[in-house]
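Please read the following report alongside the sequence and the model. It turns from one strand to the sheet around it, and then to the helix and the chain as a whole.

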Amino acid sequence: MPNVVETTATKNRILALIIFSAMQTIKTVIILKNKKILLTALLSLIVISQLLLCSTKAMVQIALDDPVRLNDMVITLLMPSIQEAVESFYEPYLTIEPTVATYYASKIIEIQGGERIHEGIYNSRYIVTVDVFPYIGPHISVGKDRITLNVQPDGVSVESYEHLESHKFPPHLQSLIKKAFAMNSINLIVFSLQSSLWAAFFHLYKTPKGENHHAQAQSSR
């Protein structure tokens with residue numbers, strides 16, 4: 001795992017530094033011919049090395065128990081399959097291929113599988129559901145998608161792809177749209193309601209107060 005390799009490299013650098021410091025100390029003490037300084041220096045190096053090694057082990061444990069890093073690691077490993085699924089889905093709708101990234105709001109929703117079959121033997125098939133926000137250019141979001149992946153030792157395949165949200169493009173990027181995004185009936189109803197609410201909100205916000213009073217007066221007559 002990347003975090004273990006990273007910490008192992010740090011550990012090796014610390015050990016190399018300790019060995020180098022010990023050699024320089026011994027060399028200096030030999031020149032000065034003082035045994036008390038030699039013993040004091042060696043004891044100090046032993047204590048410091050033990051403290052550094054203990055802190056390094058703690059760093060490894062913290063890294064392995066960090067859910068955020070584990071989430072990022074799983075999505076990073078699945079990213080080639082996720083990117084391929086996103087490109088395939090948006091091909092009929094856009095003239096450009098959207099991009100997905102681990103750092104751009106990608107999130108694991110659910111992981112199924114890995115059940116224990118026998119003592120020490122586990123099911124190696126996993127179903128991983130992730131939410132992603134594909135984007136184009138300088139992180140202009142296209143929408144929100146939910147992808148379910150079938151992860152097995154022989155490869156990764158897409159179980160399902162659901163387009164949850166469609167995000168509006170700025171005027172200068174409208175030419176990138178081939179046709180409107182397809183959504184299932186439930187998401188289409190939700191999206192329509194959200195659009196209607198936003199339209200009503202902006203209408204009320206932009207309408208001057210004088211016009212509101214005039215409209216109320218007209219209605220009261």
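How many of the 10 residues of strand β7 (residues 143-152) are buried? Eight of them are, so β7 is largely enclosed by the rest of the structure; buried here means under 20% relative accessible area, with exposed over 50% and partly exposed in between, for a 1.4 Å probe and protein chains only. Strands (E, at least two residues) and helices (H or I, at least four) are DSSP runs, numbered from the N terminus.

The model is a predicted one, in which local features need pLDDT of at least 70 and side-chain atom pairs count only at pLDDT 80 or more, while totals for chains, interfaces and linings use all residues. Residues are numbered from 1 along each chain as its sequence is written, and side-chain values use heavy atoms, with hydrogens and water left out.

**Confidence**

The mean pLDDT of the protein is 74, with 53% of the residues reaching 70 or more; pLDDT is the predictor's confidence in each residue, on a scale from 0 to 100. Over residues 1-6 the pLDDT is below 50, and this stretch has nine contacts in the model beyond near neighbours in sequence, a contact being heavy atoms within 4.5 Å. Residues 185-191 also have pLDDT below 50, and beyond near neighbours in sequence that stretch has six contacts in the model. Where pLDDT is low, the predicted coordinates should not be read in detail.

**The sheet around β7**

Strand β4 (residues 126-132) runs antiparallel to β7 and is joined to β7 by seven bridges, whereas β7 and strand β8 (residues 155-166) pair in the antiparallel sense over 10 bridges; two strands count as paired if DSSP finds at least two bridges between them. A hairpin of two residues joins β7 to β8. The table lists individual positions across these pairings.

| Residue in β7 | Opposite residue | Strand of the opposite residue |
|---|---|---|
| Thr-148 | Thr-129 | β4 |
| Asp-145 | His-163 | β8 |
| Gly-143 | Ser-166 | β8 |

Lys-144 also belongs to strand β7. Leaving aside neighbours within four places in sequence, Lys-144 is in contact with Asp-131, Val-132, Phe-133, Glu-162, His-163, Leu-164, Glu-165 and His-167. The C-alpha atoms of Lys-144 and Asp-131 are separated by 7.0 Å, although these residues are 13 apart along the chain.

Taken as a whole, the sheet is open and has four strands in the order β1-β4-β7-β8, with antiparallel pairing. Strands β1 (107-113) and β8 stand at the edges, each with a single partner strand, so one side of each is left without a neighbour in the sheet. On average, and with direction ignored, neighbouring strands of this sheet are turned by 15° against each other.

**The helix on the sheet**

Helix α3 (residues 67-90) packs on this sheet, touching β1, β4, β7 and β8, and the direction of α3 makes about 70° with that of β8; axes are lines fitted to C-alpha atoms, for helices over the stretch in contact, and angles run from 0 to 180 degrees between N-to-C directions. The buried residues of α3 pack against β1, β4, β7 and β8, and among them are Ile-75, Leu-78, Ile-82, Val-86 and Phe-89. At Met-79, α3 bends by about 55°, and a proline, Pro-80, follows within four residues; the bend is the angle between axes fitted to the seven residues ending at a residue and the seven starting there.

**The chain as a whole**

The secondary structure comes to five helices and eight strands, and from the N terminus on the elements run α-α-α-β-β-β-β-β-β-β-β-α-α. Of the 221 residues of the protein, 27% count as buried. Among contacts between residues at least 6 apart in sequence, 50% join residues at least 24 apart. One loop residue is Thr-95, between α3 and β1; not counting residues up to four places away in sequence, Thr-95 touches Ser-175, Leu-176 and Lys-178.
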